[in-house]
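The following paragraphs lead the reader through one structure, step by step. Please keep the sequence and the three-dimensional view at hand while reading.

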Amino acid sequence: MAIKIKIDGRECLCEKGEYIYDIAKRNGIEIPTYCRSDAFPDHRACCRMCIVEVVQRGRSRIVASCVYPVDGECEVLTASPRILEDRAVLRALIKQTEDEAEGVEFQRLAQIENDKCILCGLCVQACESLGTGAISLVNRGVDKDVDTPYLKPNKACVGCLSCANVCPMDAITWSETETTRSIWHREFQLARCSCCGKVLGTVDSLEYSRKKSGKQAKSVPLETTYLCDECRKEALAREMRETYRLV
Ligand code: SF4
Ligand code: SF4
């Protein structure tokens with residue numbers, strides 16, 4: 001049976017067990033978050049920016065809306081004075097704004113000042129979903145970080161940048177030259193379209209995708225192996241035209 005709740009004064013219908021964050025989103029109410037990603041709907045409760053105040057049966061409590069299931073009628077405040085204050089502290093920790101973070105435990109703040117990572121784990125999940133599993137959360141307590149095992153080059157990494165692209169904090173550093181890409185203590189050869197020269201990824205990442213899709217690299221000579229979509233389409237069209245002319 002549908003439950004009626006109020007979010008910032010607006011009536012919203014939901015099912016028992018639905019998370020407040022999802023109900024708000026469905027109703028066009030935006031709750032700030034850093035770690036939610038449509039690509040990983042099950043990845044929740046990492047950055048805590050989505051805290052809201054829930055008032056139910058005369059009691060009020062602060063909860064992480066992305067993992068708080070509705071179990072009855074209640075009122076949700078996404079920007080009450082309490083929430084704005086707590087969120088400012090979280091934001092200060094995350095954004096490294098020392099002034100705002102007055103009163104926050106120094107050691108934790110000092111740790112984050114040199115490190116944009118909020119330990120949301122999205123990068124680890126992105127890598128795992130590819131089947132590469134090259135990075136993980138390492139160390140403990142304030143030293144916790146994301147890296148390869150033993151902080152050493154990991155053969156499992158293919159240099160695809162999926163981890164960096166999904167990172168909400170732009171915390172994963174990588175660099176490129178004309179011919180190489182460096183990430184996670186490794187250097188990879190870039191693969192370019194053999195026709196127009198556009199960078200298509202690393203050789204390792206393209207070979208990995210090809211193996212996963214079951215195509216054998218050895219059936220095609222290396223120099224004609226990599227073609228971007230546009231050049232491939234053009235090559236096919238050319239082939240078709242020549243075939244018809246021959247018939
Ligand atoms: S670059 Fe390496 S660590 Fe990052 S997602 Fe790709 S394989 Fe995983
Ligand atoms: S590096 Fe980015 S994606 Fe990975 S845990 Fe840190 S903030 Fe999240």
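A residue is called buried here if 20 or more other C-beta atoms lie within 10 Å of its own. The model under discussion is a predicted one, and by this criterion 22% of the 247 residues of the protein chain count as buried.

Helix α6, which spans residues 203–212, offers a first example. Its buried residues are Val203, Ser205 and Tyr208. What do the buried residues of α6 pack against? Their partners are two strands, β10 (186–192) and β11 (199–202). After α6 comes Gly214, a residue with a positive phi, near 90°.

The wider architecture may now be considered. The protein chain contains 7 helices and 11 strands. Of the contacts in the chain with a separation of 6 or more, 51% are made by residues 24 or more positions apart.

One part of this architecture is an open sheet. In what order do its 5 strands lie? The order is β2-β1-β5-β3-β4, and the pairing is mixed. At the edges stand β2 (10–14) and β4 (59–64), each of which pairs on one side only. On average, neighbouring strands of this sheet are turned by 30° against each other, direction ignored. Within the sheet, β3 (residues 51–56) pairs with β4 in the antiparallel sense, over 6 bridges. Ile51 can be found opposite Ala64 of β4.

The discussion turns next to the ligands. Around ligand 1 there are 15 residues, and those that come nearest are Cys127, Cys157, Cys160, Ser162 and Cys163. Which helices each supply at least two residues of this shell? They are α4 (122–130) and α5 (162–166). The largest share of the shell, 3 residues, is contributed by α4. Sorted by class, the surroundings of ligand 1 comprise 12 nonpolar and 3 polar residues, with no charged residues.

Ligand 2 has a shell of its own. Its surroundings include the run Cys117, Ile118, Leu119, Cys120, Gly121, Leu122 and Cys123. Val146, Cys167, Met169, Ala171 and Ile172 also belong to the residues that surround ligand 2. How many residues of each class does this shell hold? There are 11 nonpolar residues and 1 polar residue, and no charged residues.

Note on methods. Residues numbered from 1 in each chain as written. Chains lettered and ligands numbered in written order. Predicted model: local features only at pLDDT ≥ 70, side-chain atom pairs only at ≥ 80, totals over all residues. Near = placed C-beta within 6 Å. Helix = DSSP H or I, 4+ residues; strand = E, 2+ residues; numbered from the N terminus. Nonpolar A, V, L, I, M, F, W, Y, C, P; charged D, E, K, R; others polar. Pairing = 2+ DSSP bridges. Axes fitted to C-alpha atoms, helices over the stretch in contact; angles between N-to-C directions. Buried ≥ 20, exposed ≤ 12 C-beta atoms within 10 Å, placed from the backbone. Contact = placed C-beta atoms within 7 Å.
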